[in-house]
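Me: I have a structure to go through with you. I want the reasoning behind each label, not just the label.

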Amino acid sequence: MNVQEKLDSTLFEQSRRGRRAFAQAPDVTEATDLPQALLRRDRPGLPEVSELQVVRHFTRLSQKNFSIDTHFYPLGSCTMKYNPRACNTLASLPGFTGRHPLGPLSHAQGFLSCMWELQEMLKDVTGMQGVSLTPMAGAQGELAGVAMIRAYHDSRGDHERREILVPDAAHGTNPATANMCGCKVRELPTTAEGDVDIEALKAAVGEHTAGIMLTNPSTLGVFERDIIAVDRIVRDAGGLLYYDGANLNAILGKVLPGDMGFDVIHMNLHKTFSTPHGGGGPGSGAVGVGERLLPFLPTPVVSRTLRDGEAHYGWLTERDLPQSIGRLSGFMGNAGVLLRAYVYMRMVGREGMRRIAEYATLNANYLQARLQDAGFELAFPNRRASHEFVVTLKREAREFELTAMDVAKALLDRGYHAPTTYFPLLVPECLLIEPTETESKQTLDGFVDAMIDILSQARDRGASFKEAPHSMPVRRLDDVKAARELDVRFGKTA
Amino acid sequence: MSELPGDLMYTSEHEWLRREDDGSVTIGITDHAQAALGDLVYVELPEIGQVVETGGDMAVVESVKAASDVYAPVAGEVTAVNEALADDPEKINNDPYGDGWIVRLAPSDDDGGLLSPEDYQAILDELDN
Amino acid sequence: MPFIPHTEEDTAEMLAAIGAERIEDLFDEIPAELRIDSLERVPKALNEMEVSRLMHRRAQRDGAPSCFIGAGAYEHHIPAAVWEIATRGEFYSAYTPYQAEASQGTLQTIYEYQTMMCELTGLDVSNASLYDGASAVAEAALMAVRSNRKAGSRKVLLAPGVNPTYRKVARAIAGNQGLEFEYLPMDTADGGVDFERLDQDTAPVAVVVQQPSFFGTLADVDRLTDWAHDRGAFVVAVVNPTSLALLKAPGHWGEAGADIACGEGQPLGVPLSSGGPYFGFMTCKQQHVRQMPGRIVGRTTDLDGNTGYALTLQAREQHIRRTKATSNICTNQGLMVTAATIYLSLLGADGLAAVAKASHRNTARLARGLCGIAGVEPVFDAPHFHEFALRLDRPVAPVLEMLAARDILGGYDLSIEYPEFGPELGNLGHVLLVCATETKTDADIEAYVTAMREILETPVAQSA
C-alpha cells in the first residue's frame with residue numbers, strides 16, 4: 001500500500017480491535033435482563049477507531065467532493081444556488097433540534113408559527129389555496145399530487161380517469177410517479193420549438209384523462225407559451241393540471257402557477273428556497289393545491305386559530321381532513337429543511353423573490369448568449385432561456401468526437417462542476433446549464449473561457465478528452481465493472 | 001454498419017427471431033440494439049412455462065446507462081431461456097445472434113408482422129440519417 | 001440584494017451581451033395577462049441579525065423540557081464531531097454524486113454506510129437510504145411484491161407491534177397499486193402475535209415484523225419468521241438500529257432470516273428536530289438487490305486501476321427506467337447518512353451497545369419507579385427494550401398536560417392511535433408509552449416519578 005492508498009483506505013481497514021472513541025459512549029458494564037434467545041451472538045463489524053481517526057477520515061473524504069461552497073455548479077434542473085449559512089445556524093438552534101415530534105402543542109408554538117407562516121408564503125408565491133409541508137422530497141410531492149388528482153376523480157365517482165399525460169421531455173420522476181399511483185402514462189410529443197404539441201394534446205385527452213403533469217418553464221429551459229391553451233384543453237376534457245415545481249426559481253414573483261390554471265404543485269424547497277442538497281438529500285417537496293383539491297391534502301397540515309387576539313397553532317390531521325390522501329411520513333416531514341427554507345424566505349423577502357427569478361434568468365440568458373457567440377449550438381436558438389438552457393454537441397460529436405460526457409469531464413479539470421448531461425433525453429449530446437442567480441458575472445465569464453478552451457482544443461488541435469479528468473482524486477471509473485462485479489459493502493464481493 | 005444475418009426474421013424493436021426445426025422460435029436482440037445499449041450488465045429472464053402475448057414484455061436487458069424491455073415478437077410459451085446470460089450478459093454484446101440468444105418460445109400464433117432482413121435494414125438506414 | 005452579487009455595471013454589460021434593454025424583456029415569452037407585479041403575503045426582507053433575533057425568540061419559546069417520549073424518534077447524545085463534519089460545505093452543499101470523479105467523498109461515505117447497515121442487520125446489501133422509517137416500510141412492501149412474484153399476492157400482513165403510523169404511510173404510498181395492509185391478531189398478554197388465532201390458510205406476499213414493537217416489547221421473531229416463510233411470504237423486519245447492538249440481527253431470524261430489513265435511522269446521530277429530516281435504511285438478501293429501490297454505491301476501479309466508488313445499478317431508477325422504475329425516488333437522505341456514518345464510526349460496536357444498554361437500563365428504572373405508584377401498572381408481560389407501556393387509572397392526556405406544565409414530556413398516549421377495544425389489538429386506552437434514553441440522569445428519572453406521583457395522588461375527578 002502506498003501513502004495515498006493508506007490515506008484513502010476505508011475506515012474498516014483502519015480499524016483495530018479494542019480501539020474506541022471513549023468519550024462517546026456511556027460507561028455501562030451491567031448486563032441486561034434481555035432473554036438470551038433474543039440476543040445477537042456475533043459482534044457487528046463496525047470500525048474500531050479513535051475520535052481523531054474519524055474526524056480526519058471524514059474531513060479528508062469531504063475534500064474529495066465538489067460542492068457549491070467550493071465550486072461553480074451549473075447543474076441544469078438542480079438549482080445549485082448558494083445555501084446561506086444563517087439558514088443552517090438558525091434551524092440548528094437547540095430549541096428546534098431538540099424538539100420531539102410528538103411533543104405537546106404547549107411546547108411547539110414557536111416552531112409551528114414558523115411552519116404556518118411558511119405555508120402562507122408558499123401559497124403566495126404559487127397562487128394556491130392550501131399547502132401541506134409534509135412531502136419529504138420533490139418525488140414524494142409528485143406522488144402526493146397525483147394521488148390527490150386520483151382521489152378527486154374517485155370522490156366524484158369518476159373511476160375511469162386513470163391516464164396521466166406527460167411531455168416526452170419530462171423528468172423521469174413524472175412517469176414513475178404516475179405509475180406508483182396506479183395510473184397509466186401517455187407521453188406527449190414536443191414541437192421543434194420546445195412547446196407541447198397542441199394537436200397531439202387535443203388528440204390525447206378524453207374521458208380517461210386524469211390530468212397532465214407539466215414543468216413550466218419546461219425541462220428544455222423554455223417557457224411553455226401555449227399554457228393557456230393547454231389549460232383549456234385539459235380542463236375541457238375533465239382533467240386536472242399538475243405543476244412540477246422543479247423550475248419554480250425561474251418565475252418567482254413573475255407569474256403564479258395558480259394563475260396559469262394549475263390545480264396542484266409540488267415545490268422543491270432544496271432548489272428554489274435554497275436548502276442544502278446534502279450530497280443527495282434531504283429534499284423537501286411541499287405541495288400546494290387550488291380550491292378543488294383542498295380536502296385531499298396529505299396530513300398533517302399546520303393550523304392557526306385566533307383566541308382573544310392571540311394566535312394558537314396546531315395540526316389538522318386525518319380527523320379534520322377525512323378525504324385526505326393520508327400520511328406520507330412518520331411525523332410531519334423534513335421539519336429541519338422547512339425551517340431552513342423559512343429563514344431563507346424571510347431573508348429574501350417580498351421584493352427579493354422577484355429578484356431571484358430576474359437574476360437567475362439574466363445569468364442564464366447571458367451565459368446562453370456568450371456560449372452561442374463562442375460557437376456552441378443551442379437546442380432552441382430562437383427562444384429566450386428561462387433560468388437554464390440546452391446546448392447540443394451533436395455536431396462536435398460527429399465532426400471531432402467531442403461528446404457531452406467529454407465536456408463534462410474536461411470541465412472538472414478546469415475547476416467547474418459539469419452541467420447536467422444527456423438530459424433532457426430528447427436532445428442528443430446535450431448539456432443542460434443552470435447558473436442560478438447567486439453567481440457573479442466574473443464566475444460566468446470564467447466558465448465561458450473554460451468552455452471555449454475545451455472546444456478549441458478539440459476542434460483546432462485534435463485534443464481528446466476521453467481520458468479526462470486528470471486532476472480529480474480518481475480518473476474515469478469503470479461503471480460496467482461496478483455493475484457486473486457488484487461490490488456494495490466492504491469485505492464481501494458478490 | 002451492423003451485421004445482419006439473412007436467415008433470420010426481425011422486428012422494429014430491434015429483435016431477431018429464428019425458426020428452429022422443432023417448431024420453436026429463438027429470440028434475441030440485434031447487433032444494432034446491443035451496440036446502442038452498450039456493455040450489458042444484466043439480463044432479466046422469464047420463467048420457463050410463462051405464456052406471453054405478442055408484444056408483451058418478456059425479458060429486460062440492462063446496461064449501465066439504459067434498460068430495455070425485450071418484447072415477444074410472437075405469442076407463445078417460454079420453453080427455454082439462456083441461463084448463461086445470468087453470469088455473462090456480455091455474451092449478447094459479443095455474439096448477439098449466437099451465444100447471446102435470450103429466449104426460446106413454442107409459438108401459439110402465426111408470425112405475421114415480422115420483418116425480412118431487407119425491411120429491417122431499411123429501418124436501420126433510416127435511423128442513420 | 002440578498003445573495004445576488006450583480007453590480008449595476010455587471011447587469012448593464014450582461015443585458016448588452018444578450019441584446020436586451022431591461023431584465024423585464026427576458027420574460028417576454030410569458031403571456032402578458034399572466035404576469036404579476038408583486039406578491040402579497042411574503043413579508044419584507046429581514047437582514048441576518050433581524051432574522052436571527054426572531055428565530056432565537058421562537059426557539060426559546062418552545063423551551064427545553066425533559067423528554068420521555070419515544071414512539072419512533074429517540075433522543076440520544078450526538079457527539080460534537082458528527083454535525084461539525086457533516087455540515088462542512090463539501091458535504092452540506094454538494095449534489096447527488098452523479099459526477100463520480102468529483103464526488104468521491106460522498107460516495108465512499110455511502111459505501112461505508114452501506115457496509116455498517118449490512119453489519120448491523122445481518123443482511124447482504126444496503127441501499128444509500130430512503131426518506132424515513134415509515135416510507136421505508138412502504139417501499140419494502142412494494143419491493144416484496146416485485147421480488148416475491150411467486151406469491152401472486154398484494155396482501156401484506158403486519159405484526160400487531162408495527163407502528164400504526166407506518167401502516168398509514170404504507171397505505172398512502174402503496175395503496176394505489178392495490179397493496180393491502182392488515183394487522184395480525186394480537187395476544188393482549190404480551191403485545192405479540194396471537195399464534196392461536198392466526199389464519200393458517202393465508203398466503204400474503206409479505207409479513208412485516210417490528211422488533212422491538214411499537215410498544216417496546218420483544219417477540220419471538222424466529223417463530224413468526226418461520227411461520228411467514230412456510231406460507232411463501234417474505235419477511236420484512238422493521239428494527240431500531242440502536243437495539244441491533246444487542247438484539248439478534250434480522251438476517252438471522254428463524255431458519256432462513258428476514259428477506260428485507262428496514263427502519264428509522266434517526267437514532268444514529270440525527271437530532272429529533274420535530275420529526276425530520278431523518279433517514280430510512282433498507283438492507284436485503286443478495287438475490288433481491290435489483291428490486292431494491294433507491295441509490296446504491298459500488299466500489300470499482302478507475303482507468304489507472306485505482307479504487308474508486310460510483311453509483312451503480314442505476315438502470316433500475318426513475319431517470320432511466322421511467323414508468324418501470326423500482327420507485328419514483330430520486331433522493332437518499334445523503335446528509336443524514338453522512339451523520340449516521342460518522343456516528344457509528346465514533347461509537348463502534350461497543351459504544352453502540354453501551355448506548356443501548358444505558359437506554360434500556362434507564363427505561364427499566366423509570367418503569368420500576370412509575371409502577372411503584374398506586375394506579376400504575378405494566379400492560380404487557382413480555383421482555384422489552386428501552387420503551388415501556390404502562391396503564392394508568394385514568395385518561396392519559398390530562399396527565400401528560402399536567403406533566404408538560406412542569407416541563408416534563410411524560411411519554412406517548414397510546415389511546416391516540418388505539419382509541420378503544422379492538423378485536424385485533426386489545427385495549428390500549430389509558431396506556432402511556434415511556435422511554436428514557438441514555439441522556440436521562442437518575443435525577444431526571446426521579447423528578448419524573450415524583451411529578452407523576454403527585455399528579456396521580458390527586459383524585460381522578462379533580463384531575464380531569
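What follows is a set of questions on labels and the criteria behind them.

Reply: This is a predicted model, where local features need pLDDT of at least 70, side-chain atom pairs count only at pLDDT 80 or more, and totals for chains, interfaces and linings use all residues. Residues are numbered from 1 along each chain as its sequence is written, chains are lettered from A and ligands numbered from 1 in the order in which they are written, and side-chain values use heavy atoms, with hydrogens and water left out.

Me: Why is the contact of Arg162(A) and Asp154(A) called a salt bridge?

Reply: A salt bridge needs a side-chain nitrogen of Lys or Arg within 4 Å of a carboxyl oxygen of Asp or Glu. The N to O distance between Arg162(A) and Asp154(A) is 3.2 Å. That is within 4 Å, so the term applies. Over all chains, the structure holds 57 salt bridges.

Me: Why does Arg162(A) count as buried?

Reply: Buried means under 20% relative accessible area, exposed means over 50%, and partly exposed lies in between (1.4 Å probe, protein chains only). Arg162(A) has 19%, so it counts as buried.

Me: And what makes Asp154(A) partly exposed?

Reply: Asp154(A) has 24% relative accessibility. That value falls between the two cut-offs, so Asp154(A) is partly exposed.

Me: How do you know that Glu318(A) and Lys168(C) form a salt bridge?

Reply: Their N to O distance is 2.6 Å, which is within the limit, so the pair qualifies.

Me: Why does this pair join two chains?

Reply: Glu318(A) sits in the chain A loop between β9 (310-316) and α12 (335-373), and Lys168(C) is in helix α7 (residues 164-174) of chain C, so two chains are joined. Helices (H or I, at least four residues) and strands (E, at least two) are DSSP runs, numbered from the N terminus. Glu318(A) is partly exposed at 28%. Lys168(C) is also partly exposed, at 26%.

Me: What makes Glu75(C) and Lys440(C) a link between distant parts of the sequence?

Reply: Their closest N and O atoms are 2.8 Å apart, in a salt bridge. Glu75(C) lies in the loop between β1 (66-67) and α3 (80-86), and Lys440(C) in the loop between β15 (431-434) and α12 (442-457), so the bridge ties together parts of chain C that are 365 residues apart in sequence. Glu75(C) is partly exposed at 26%. Lys440(C) has 8%, so it is buried.

Me: Which residues do salt bridges that share partners join into one network?

Reply: The network holds Lys254(A), Arg354(A), Glu358(A), Glu24(C) and Arg35(C).

Me: How do you know that the radius of gyration of chain B agrees with a compact globule?

Reply: The radius of gyration is taken over C-alpha atoms, and the globule rule is 2.2 Å times the number of residues to the power 0.38. For 129 residues, a compact globule would be near 14 Å, and chain B has 14 Å, so the two agree. The C-alpha atoms of chain B fill a box of roughly 40 × 35 × 25 Å along the principal axes. Of its residues, 48% count as buried. Chain B has 3 helices and 9 strands.

Me: Where does Asp39(B) lie, and why is it called partly exposed?

Reply: Asp39(B) is in the loop between α1 (31-37) and β4 (40-44) of chain B. Its relative accessible area is 42%, between the cut-offs, so it is partly exposed.

Me: What are the totals for chain C?

Reply: Chain C has 13 helices and 15 strands. Buried residues make up 67% of its 464 residues.
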